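Hi everyone, thanks for making the time this morning. I'd like to walk you through one structure, so let me put it up on the screen.

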Amino acid sequence: MKLNDNIQYLKGIGEKRAELFHKLGIFTVGDLLYHLPRGFEDRTNIRNICDLVDGETVCVRGILASGLRKFRARRGGWVVQTTLSDGTGVMRLTWFNATYIDKSLSDPEAEYMFYGKVSYRTMTAEMVNPIIEKLENEGEKAKKMGMIVPIYPATAGLNQRSIRDAVKRALDGLDDRFCEILPESVRSRNGLIGINDAIRRVHDPADYDEFYEARRRLVFEEFLKLQLGVSSVKSVKKSRRAVVIGDVKCIAEFARGLNFDLTNAQKRVINEISADLKSGVPMNRLVQGDVGSGKTIVAAAAMFAVARCGCQSAMMAPTEILAEQHYKTLKKYFDPWGIKVAFLSGGQSAKERAANTEVIESGAAAVVVGTHAVITDKVNFKNLALSITDEQHRFGVGQRSKLINKGMNVHTLVMTATPIPRTLSLVIYGDLDISIIDELPPGRKPVRTVALAEAQRARLYDFVLRELDRGRQAYFVCALVEDSETVEAKAASEYVKKLSAGVLRGRNVGLLHGRMKTAEKEDVMRRFAAGEIEALVATTVIEVGVDVPNATIMVIENAERFGLAQLHQLRGRVGRGADQAYCVMFGNAKSGVAKERMKVMCETNDGFKISEKDLELRGPGEFFGTRQHGLPEMKIGNFFTDMDILKETQTEAARIIKSDPFLSAPEHRLLLDSITETFAKAGDILN
Ligand code: ADP
Ligand code: MG
């Protein structure tokens with residue numbers, strides 16, 4: 001049997017069953033062998049029912065003491081229940097949404113084995129959705145005892161036993177080998193076993209150690225390919241030529257003109273950027289800095305040097321409001337130097353737009369600001385040398401590359417306020433160099449954050465009014481009710497009515513939501529920034545980037561509906577000046593996770609800690625679908641639970657890339673082919 005053979009070659013797999021395997025992505029014998037167990041059933045841990053302890057995961061065996069009961073759950077869906085007796089006691093077994101279970105338990109005489117987590121919600125022990133194994137005959141019973149048995153990802157209608165049998169047949173009947181793509185040197189340096197041993201042992205290990213050793217080898221290979229893939233993209237980019245921005249010293253002059261001193265972190269990052277700009281190699285740099293750390297001025301410094309060199313820069317923001325704000329800020333910085341800034345917005349009239357595109361094409365405007373879509377569509381630059389993306393995490397990879405294609409090997413700078421652990425940024429942003437602004441401008445006080453109950457609302461309002469009387473400003477944010485701008489706009493409109501008729505009666509109140517016309521939005525933002533509007537009622541359109549330092553109060557309604565990263569971003573709208581700022585969350589957090597989010601917010605202002613907690617609460621899948629980053633999906637490894645292996649592969653990848661940046665050495669040939677194939681399937685970033 002060959003690896004490429006259809007799984008129907010395996011005994012016991014007909015057309016019907018093959019279809020079930022297809023659902024798991026298994027088409028060939030090779031696919032089947034790469035379908036790895038997600039864990040093991042410890043058959044050495046068979047327990048008496050009378051000794052079971054709440055919360056432990058164990059095996060029990062016995063006969064069914066009652067028939068199967070099948071009924072509708074309150075929330076719909078079928079529940080199947082039965083009781084198991086092993087002579088020491090009885091326990092309840094329950095399956096949810098698993099109607100096919102009765103087929104697996106059809107023999108009232110048979111002895112069965114169940115594997116799962118024990119719970120003691122009532123007086124009797126219970127297992128919910130345990131794995132079922134029918135013990136066929138005495139010989140098998142004896143053999144199965146004291147073994148560890150793989151548990152595979154399964155699908156309805158295809159049970160553990162069928163998968164296990166198929167794998168066993170495949171392993172026994174195989175007269176073919178997996179191709180070893182890891183060079184001997186890599187394997188010996190990292191203590192990795194060969195691919196064929198790894199595949200065999202991962203399915204049929206003698207003990208746990210053997211399983212983990214085998215799995216580590218497979219995860220290592222998967223991670224190494226990924227890391228080498230992104231790292232070699234970096235090598236390719238570095239082999240290109242870019243405009244040399246000769247005079248970066250002029251940045252010092254620009255900095256002297258500011259009404260504040262740059263922080264040491266800002267200076268360091270500007271130096272890193274300057275070195276890139278004058279190197280002749282395209283810059284590919286990510287700047288990470290918490291909300292309020294002062295990323296905009298760093299970007300402006302880079303654009304200044306580029307403009308002085310006679311070239312153009314473009315800066316993209318994810319929202320119109322933010323783009324407009326950047327335009328104002330940059331104009332303020334650049335007007336005194338006679339550097340023209342052009343602004344492109346979706347809300348502009350055809351005439352305005354034409355005028356702007358013209359100064360961009362002629363090169364008269366050295367700096368261009370806008371939302372991403374506006375800048376990329378139908379705009380031609382005379383000599384674009386630098387592209388900057390603000391709040392990069394709001395854009396997909398596809399959009400990122402679209403902009404880079406606007407100029408020949410332009411320098412790129414991407415900025416984000418969402419920090420992630422270094423090991424992970426080496427994967428996600430592996431094709432970029434990373435600079436970190438790890439210092440806030442002086443005099444910033446941490447935002448005082450509280451979660452209040454309804455009963456405390458009146459007192460909070462008193463406090464807000466006192467702050468407004470002192471000349472401070474406030475945001476009132478209402479949550480996304482549905483994933484729809486229209487519904488959201490309506491909610492905000494009602495909220496503003498309620499506030500204006502109540503607590504904010506007689507005050508200057510503004511409203512901002514995504515459904516308003518560009519000109520209206522601009523007007524409201526301008527009046528809020530100028531202090532005319534005292535309280536701004538808004539939807540999450542203000543979530544990223546907005547900078548009005550005099551605003552010191554952020555009131556968030558229905559805070560339980562926001563994610564942690566979002567709450568932190570919203571809070572980041574205040575505390576941008578020297579005054580003490582406050583963030584108040586109202587919300588009815590019923591779920592444990594929502595409560596935990598509020599607690600974390602109250603405990604820390606540190607974006608790094610918050611993002612780690614966010615990872616933990618949301619889980620890796622949601623935190624970043626690799627898809628969103630254009631990276632291939634990981635089939636075996638898990639970035640979080642396999643963090644140690646990820647680190648090892650990063651060290652190894654760095655070593656390989658250092659000696660062979662394009663993986664062109666003969667010993668890396670197979671590895672390179674395999675990487676190219678994997679990335680081609682993911683269909684992005686390598687192209
Ligand atoms: P973010 O990193 O969130 O994009 P911004 O660039 O919007 O932050 O800066 C936040 C505020 O801090 C702005 O009002 C900016 O003018 C101010 N700022 C930036 N750097 C400094 C500094 N070194 N000293 C004082 N204020 C600064
Ligand atoms: Mg910003």
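Let's start with one pair of residues: M316 has G370 as its bridge partner in β13. That pair belongs to a ladder of 5 bridges between strand β11, residues 312-317, and strand β13, residues 367-371, and the two strands run parallel. Before I go on, please keep in mind that this is a predicted model.

Now zoom out a little. In what order do the 7 strands of this open sheet come? Reading across, you get β12-β13-β11-β14-β15-β10-β16, with parallel pairing. At the edges stand β12, which is 341-344, and β16; each has a single partner strand, so one side of each has no neighbour in the sheet. On average, neighbouring strands here are turned by 20 degrees against each other, if we ignore direction. As a reminder for anyone newer to this, strands of a sheet pair through backbone hydrogen bonds, either parallel or antiparallel.

There is a helix to look at here as well. Helix α13, residues 350-362, lies across β11, β12 and β13. Relative to β12, helix α13 runs at about 135 degrees.

Let's move over to the other edge strand. Strand β16 covers residues 433-437, and S435 is found in it. Is S435 buried or exposed? S435 is buried, because its relative accessible area is 1%, under the 20% cut-off. What does its side chain meet in there? The side chain of S435 makes a polar contact of 2.5 Å with that of E272, and another of 2.8 Å with the side chain of R285. Leaving out residues up to four places away in sequence, S435 touches V269, E272, R285, L286, V287 and Q288.

Next, the ligand. Which of the 17 residues around ligand 1 come nearest? They are G292, T296, R444, D547 and R576. Looking at individual atoms, a backbone N or O atom of D261 lies 2.8 Å from a nitrogen atom of ligand 1. A polar backbone atom of G294 is 3.0 Å from an oxygen atom of the ligand. From the side-chain end, D547 places a polar atom 2.7 Å from an oxygen atom of ligand 1. On its own, ligand 1 has 560 Å² of accessible area, and the protein covers 86% of that.

For a contrast with the parallel sheet, have a look at β4 and β5. Strand β4, residues 78-85, and strand β5, residues 90-96, pair in the antiparallel sense over 7 bridges. Within that pairing, L84 has M91 in β5 as its bridge partner. The two strands form a hairpin with 4 residues between them, and G87 in the turn has a positive phi of about 90 degrees. β5 also pairs with strand β7, residues 126-128, this time in the parallel sense and over 3 bridges. There, T94 has V128 in β7 as its bridge partner.

Last, the whole protein. How many helices and strands does the protein have? There are 24 helices and 22 strands. The C-alpha trace spans about 90 × 70 × 45 Å along its principal axes. Of the 687 residues, 53% count as buried. Among contacts with a separation of 6 or more, 73% come from residues 24 or more positions apart. The protein exposes about 31,400 Å², with carbon and sulfur atoms supplying 50% of it.

That's my tour, and I'm happy to go back to any of these views.

Note on methods
Residues are numbered from 1 along each chain as its sequence is written. Chains are lettered from A and ligands numbered from 1 in the order in which they are written. This is a predicted model: local features need pLDDT of at least 70, side-chain atom pairs count only at pLDDT 80 or more; totals for chains, interfaces and linings use all residues. Side-chain values use heavy atoms; hydrogens and water are left out. Two strands pair if DSSP finds at least two bridges between them. Buried means under 20% relative accessible area, exposed over 50%, partly exposed in between (1.4 Å probe, protein chains only). A polar contact is a pair of N or O atoms within 3.5 Å; within protein, one must be able to donate a hydrogen and the other to accept it, and residues adjacent in sequence count only if both atoms are side-chain atoms. Contact means heavy atoms within 4.5 Å. A residue is near a molecule or strand if one of its heavy atoms lies within 4 Å of it. Accessible areas come from the Shrake-Rupley method with a 1.4 Å probe; for residues, only the protein chains shown count as cover. Axes are lines fitted to C-alpha atoms, for helices over the stretch in contact, and angles run from 0 to 180 degrees between N-to-C directions.
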